Amino acid sequence: MSDIGPTTTTLPSSYTFTATLLPANEVPAVSNAEAAGQGTVTITMPVTRDSAGSITSATATFQVTLTGFPAGMTLTGAHIHNGVAGNTAPVLVNTGLASGEIVLTNGSTTFTKSNINVAVDTAQNLVSGANGFYFNVHSTLNTGGVARGQLTKQ
């Protein structure tokens, strides 16, 4: 008779989410001079857990790349929203990007925002159902959003 003890599952201490950012994904779709651009976001979210495995805190690092936009486009914000494709929703996680902080001098840029606090319930919901969240960037011409993508957990 073999004595097999209980198995333990180690829960991840970090999660990665990605999205392809397209003006056509915005609601309504961007149809002006900024419609030809595109981008990507990679979000790395380390979490801490209690002894039961529940998330007790989380932060995020956002790595954003944008290309093909008009030279001189100015960003006004970048956020995670809770919403499925085709719907809009309020900001849940603000990257802290200040309006005018980044200008796409040649129509392209890459930027990183690190150590952004993520509410515990938001972190758990992202882990449970990332596709119910989207990330987008906003510009002075498209204040409601210039490029958007649904998040996918890697």
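**Figure 1. Gly39 and Leu66 stand opposite each other in a predicted model.** In this predicted model, the residue opposite Gly39 is Leu66, which belongs to E3. Strand E2 covers residues 38-49 and strand E3 covers residues 55-67. These two strands run antiparallel and are joined by 10 bridges. Gln38 has Thr67 of E3 as its bridge partner. Further along, Thr48 is bridged to Ser57 in E3. Gly39 also serves as the bridge partner of Leu21.

**Figure 2. E2 and E3 form a hairpin.** Five residues lie between the two strands. Gly53 is in the turn, and its phi is positive, at about 95 degrees. The strands on either side of this turn are antiparallel, with 10 bridges between E2 and E3.

**Figure 3. Five strands make up an open sheet with antiparallel pairing.** The strand order is E7-E3-E2-E1-E10. At the edges are strand E7 (109-118) and strand E10 (152-153), each of which pairs on one side only. Strands of a sheet pair through backbone hydrogen bonds, in a parallel or an antiparallel way. E1 and E2 run antiparallel and are joined by eight bridges. One contact point of this pair is Leu21, whose bridge partner in E2 is Gly39. Eight bridges also link E3 to E7, again in an antiparallel arrangement. Here Ala58 is paired with Val118 of E7.

**Figure 4. Helix H1 packs on the sheet.** H1 spans residues 120-129 and touches strand E1 (14-21), E2, E3, E7 and E10. The direction of the helix makes about 65 degrees with that of E3. Which residues of H1 are buried? They are Thr122, Ala123, Leu126 and Val127. These residues lie on the same side of H1 because they cover an arc of only 135 degrees around the axis. On the other side of H1, Asp121 and Ser128 are exposed.

**Figure 5. Asn115 has a positive phi.** Most residues other than glycine have a negative phi. Asn115 is not a glycine, yet its phi is near 55 degrees. The residue lies in strand E7, one of the edge strands of the sheet. Is Asn115 buried or exposed? Its relative accessible area is 61%, so Asn115 is exposed.

**Figure 6. A cis peptide bond joins Val27 and Pro28.** Omega of this bond is about -5 degrees. Most peptide bonds are trans. Pro28 is placed in the loop between E1 and E2. The two strands that this loop connects are themselves paired by eight bridges and run antiparallel.

**Figure 7. Pro70 sits in a loop after E3.** The loop in question lies between E3 and strand E4 (73-82). With a relative accessibility of 29%, Pro70 counts as partly exposed. Leaving aside residues up to four places away in sequence, Pro70 touches Ala33, Glu34, Leu104 and Gly107. Thr44 is 26 residues from Pro70 along the chain, and the C-alpha atoms of the two are separated by 28 Å.

**Figure 8. Ser139 is a buried residue of strand E8.** Strand E8 consists of residues 133-139. Relative accessibility of Ser139 is 0%, and the residue therefore counts as buried. What does the side chain of Ser139 contact at 2.7 Å? The polar contact is with the side chain of Glu34. A polar atom of the Ser139 side chain also lies 3.0 Å from the backbone nitrogen of Asn142. Not counting residues up to four places away in sequence, Ser139 touches Glu34, Met73, Thr74, Leu75, Thr76 and Val146. Glu34 is also among the residues that Pro70 touches.

Key:
Residues are numbered from 1 along each chain as its sequence is written. This is a predicted model: local features need pLDDT of at least 70, side-chain atom pairs count only at pLDDT 80 or more; totals for chains, interfaces and linings use all residues. Side-chain values use heavy atoms; hydrogens and water are left out. Two strands pair if DSSP finds at least two bridges between them. Helices (H or I, at least four residues) and strands (E, at least two) are DSSP runs, numbered from the N terminus. Contact means heavy atoms within 4.5 Å. Axes are lines fitted to C-alpha atoms, for helices over the stretch in contact, and angles run from 0 to 180 degrees between N-to-C directions. Buried means under 20% relative accessible area, exposed over 50%, partly exposed in between (1.4 Å probe, protein chains only). The arc is that of the directions from the helix axis to the C-beta atoms. A polar contact is a pair of N or O atoms within 3.5 Å; within protein, one must be able to donate a hydrogen and the other to accept it, and residues adjacent in sequence count only if both atoms are side-chain atoms.
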